[in-house]
Amino acid sequence: MTEEFKNKILKEKEEDRIKADAIKKRENGIAVARLISFLAAFVLTYLGLVNGNYFLPAGIVLFVAFFILIRISDKEAEEKKHLLARTAVLSRHLFRLDDRWKTIEEDGKDYLQDDDTLSMDLDLLGKGSLFQLLNLGHTSLGKSIFAETVSLKKNHIEERKDRFDAAKELSENPDLLVDFEAASETIHLREEEKKKAEEERKNTLETEEMEEESKDDSSKEEALKKDTSKEEALQEDTSKEDGKGFPFFYFLLMILIPVANVYAILANLLGAKSMAIPFAVFAVSFILTSSMSANLAKYEYELKAYGPSTGDFQKLLQLIANGDFKSRLLRDMKEEISGNQGMMKKMKAMQRINQFDALTYNPVLHLILAGFLGYDFYIAYAAFKWQKKSGKVFEEALVLIGRFEELMSLSEIFLIRDVTEAEILPGTEMKVVAENMRHPMIQTSAVVGNVATVEKALTIITGSNMSGKTTYLRTLALNLVLAYIGTGVTADSFKAPVMRIFTSMRVHDDVANGISTFYAEILRIKSMAEYIEERKQSGDLPAFCLIDEIFKGTNSADRIVGAKEALQKLSVDNNMVLVSTHDFELCNITTKNNDKADNYHFSEYYDENELKFSYKIQNGPCTTTNARAILRLAGLMND
């Protein structure tokens with residue numbers, strides 16, 4: 001699948017490049033045509049008005065042509081932006097097929113908490129993480145949902161099968177993945193542009209106000225806050241208006257303003273023969289409408305916040321609605337969008353309101369509409385009615401899009417790695433068995449597969465330096481994570497029960513708080529022991545503890561004694577402990593139930609006096625060492 005997917009991406013990138021080049025050529029022609037049509041329209045219209053001849057209709061036609069060219073140009077610019085987004089999306093898919101995926105900007109570090117040792121030990125979040133490899137989300141909610149999922153902060157075991165089916169189905173439709181991510185990327189780029197423009201506006205405003213020496217500091221701060229936090233103010237006003245109806249006075253104005261204007265015009269046509277009265281009525285109507293704008297804003301918060309983005313929301317939701325899905329989760333999402341009371345229907349209503357509201361962005365047109373019709377009252381009432389009926393739809397849509405992005409991220413591993421579905425064993429079968437198990441973050445061409453047979457409470461892994469012990473522990477744990485979150489595992493087969501994963505791998509000191517590396521590791525292992533003790537009463541999941549180089553921060557004599565005690569304390573009931581060590585003395589350890597620990601090892605070999613590793617796990621304890629050989633290779637030890 002990975003090679004087929006790679007070829008498909010390369011082909012689509014070339015097709016998009018050809019389309020982008022064609023747009024670039026058309027842009028130049030359209031720009032010239034726009035300039036010529038505008039100049040010609042201006043000249044012909046002027047001649048027509050001055051001479052009163054046929055030049056005027058020709059000028060009007062050319063002005064129409066000019067506006068049509070503007071519309072075409074806007075569409076071309078939108079298509080170009082979409083192609084740029086697609087190129088970025090396709091490039092990231094290619095990066096995930098080799099080590100370039102570590103250059104992808106979004107790595108999930110913003111979601112990595114200081115106490116999340118599991119994510120740090122297993123590279124679930126942050127630089128070079130599982131999140132960075134798989135994330136296809138662009139919305140804030142989509143990224144945060146996936147971060148919660150991949151770091152096991154949210155339990156998805158109950159719906160694991162449904163999630164796997166949905167992710168697998170999405171992987172079989174890569175065109176949908178690319179189109180959805182490209183549309184989301186386009187929206188993201190547009191939002192970033194808006195944010196940048198807003199920041200520049202705020203900075204400019206702040207500078208201008210600081211230069212106004214006549215104002216004291218408190219008034220300047222209040223003015224800036226008032227201007228730059230309009231949305232917050234509107235939201236607060238809106239919350240105050242919850243449950244209240246649209247004021248009756250506004251209804252009266254909606255009727256009186258257009259009636260008064262029509263009456264004044266008819267009176268003028270029928271006898272008054274003076275424009276003073278219609279002009280006065282028009283002016284009063286405009287002033288009255290404009291003076292109410294702050295109050296009307298209370299009813300337009302959703303319109304102003306989401307109205308301009310309605311088309312973007314619809315584009316994303318339509319991609320889901322068009323899918324012919326078989327998996328339950330995707331079918332349910334589709335129903336939420338396109339059912340009789342679905343999101344799409346509500347958003348179309350908002351889009352119509354937004355289209356009418358967009359007319360007010362033209363100051364001349366707004367002057368006419370507000371003065372003649374009291375147009376702003378009609379917009380506010382339409383927004384108010386929509387809010388009462390469908391006010392939560394955008395929040396619901398953001399959640400649904402975020403959930404869909406999470407499933408997309410789960411599907412990515414099907415395209416970039418060779419995966420299978422894990423078999424989740426009942427709690428009575430405490431074993432982890434895998435064939436050709438591979439590290440998910442090592443590219444397919446370089447990864448080494450291994451077997452896993454963990455059937456006892458305690459497993460000891462010994463081996464030479466750099467031989468693969470730590471990587472093996474992470475490979476096992478990462479595949480458990482993939483199985484639990486509901487996606488494919490990188491193995492030919494993988495069986496495991498549901499357990500809570502604990503790790504003690506990347507243990508660091510904390511000088512500021514007076515914690516040494518050794519004590520930091522003790523705290524990690526203590527948390528494992530406390531959980532195991534508490535679950536005797538709580539009945540929580542059994543623990544799966546992975547400890548790398550146990551107690552490496554202290555001397556060998558204390559390390560061996562302490563390790564034996566700790567491992568015997570952890571390997572009780574149906575909990576499972578895997579520990580890597582250089583201390584061969586731990587190979588003969590027994591549990592409190594007098595069960596002998598299972599032993600596996602990694603080793604090196606020499607090829608023409610060159611130190612090499614197979615990275616293959618083998619039965620039994622290790623019988624060789626290579627520290628001296630490595631020291632000699634580094635030039636730190638003589639032969």
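Okay, let's start with one residue: Leu-253 comes out at 6% relative accessibility, so Leu-253 counts as buried, the cut-off for that being under 20%. Before I go on, keep in mind that this is a predicted model.

So where does Leu-253 sit? It belongs to helix 10, which covers residues 248–272. If we leave out residues up to four places away in sequence, Leu-253 touches Pro-258, Leu-288 and Phe-377. There's also a long-range pair here: Leu-253 and Leu-373 are 120 residues apart in sequence, yet C-alpha to C-alpha they are 9.2 Å apart in space.

Right, on to helix packing, and the one to look at is helix 19, residues 393–416. I've got two partners for you.

Take helix 15 to begin with, residues 328–338. Its axis and that of helix 19 are 11 Å apart, and the packing angle is about 155 degrees. Anything over 145 counts as roughly antiparallel, and therefore that's the label for helix 15 and helix 19. Their crossing is left-handed. Who makes the contact? From helix 15 you have Leu-329, Leu-330, Met-333, Glu-336 and Ile-337, and from helix 19 Leu-400, Arg-403, Phe-404 and Leu-407. Sort the residues of that contact by type and you get 7 nonpolar, no polar and 2 charged.

Now helix 16, residues 343–358. Here the axes come within 10 Å of each other, and helix 16 and helix 19 cross at roughly 130 degrees. That angle makes helix 16 oblique to helix 19. The handedness is left-handed for this crossing. On the helix 16 side the contact uses Met-343, Lys-346, Met-347 and Met-350, while helix 19 brings Val-393, Phe-394, Glu-396, Ala-397 and Leu-400. The split for helix 16 with helix 19 reads 7 nonpolar, no polar and 2 charged. If you're following along in the viewer, click on Leu-400: that residue is listed in the contact with helix 15 and also in the contact with helix 16.

Let's switch to strands. There's an open sheet of 4 strands, ordered 1-5-2-3, with mixed pairing. Which strands stand at the edges? Those are strand 1, 423–425, and strand 3, 450–454; each has a single partner strand, so one side of each is left without a neighbour in the sheet. On average, neighbouring strands in this sheet are turned by 20 degrees against each other, ignoring direction.

Inside that order, strand 2, residues 432–437, pairs with strand 5, residues 493–497, in the antiparallel sense, over 3 bridges. For a landmark, find Val-433, which stands opposite Lys-495 in strand 5.

Last stop, strand 8, residues 576–581. Is it mostly covered or mostly open? Mostly covered, with 6 of its 6 residues buried. Met-576, Leu-578 and Ser-580 point one way, Val-577, Val-579 and Thr-581 point the other way, and all are buried.

And what does strand 8 pair with? Strand 4, residues 458–463, runs parallel to strand 8 and is joined to it by 5 bridges; within that pair, Thr-459 stands opposite Leu-578. Strand 7, residues 543–548, also pairs with strand 8 in the parallel sense, over 5 bridges. There, Phe-544 has Met-576 as its bridge partner in strand 8.

That's my tour, thanks for listening.

Terms used
Residues numbered from 1 in each chain as written. Predicted model: local features only at pLDDT ≥ 70, side-chain atom pairs only at ≥ 80, totals over all residues. Heavy atoms only, no water. Axes fitted to C-alpha atoms, helices over the stretch in contact; angles between N-to-C directions. Helix = DSSP H or I, 4+ residues; strand = E, 2+ residues; numbered from the N terminus. Parallel < 35°, antiparallel > 145°, perpendicular 65-115°, else oblique. Left-handed = near helix turned anticlockwise from the far one by under 90°. Contact = heavy atoms within 4.5 Å. Nonpolar A, V, L, I, M, F, W, Y, C, P; charged D, E, K, R; others polar. Pairing = 2+ DSSP bridges. Buried < 20%, exposed > 50% of the residue type's maximum accessible area, 1.4 Å probe, protein only.
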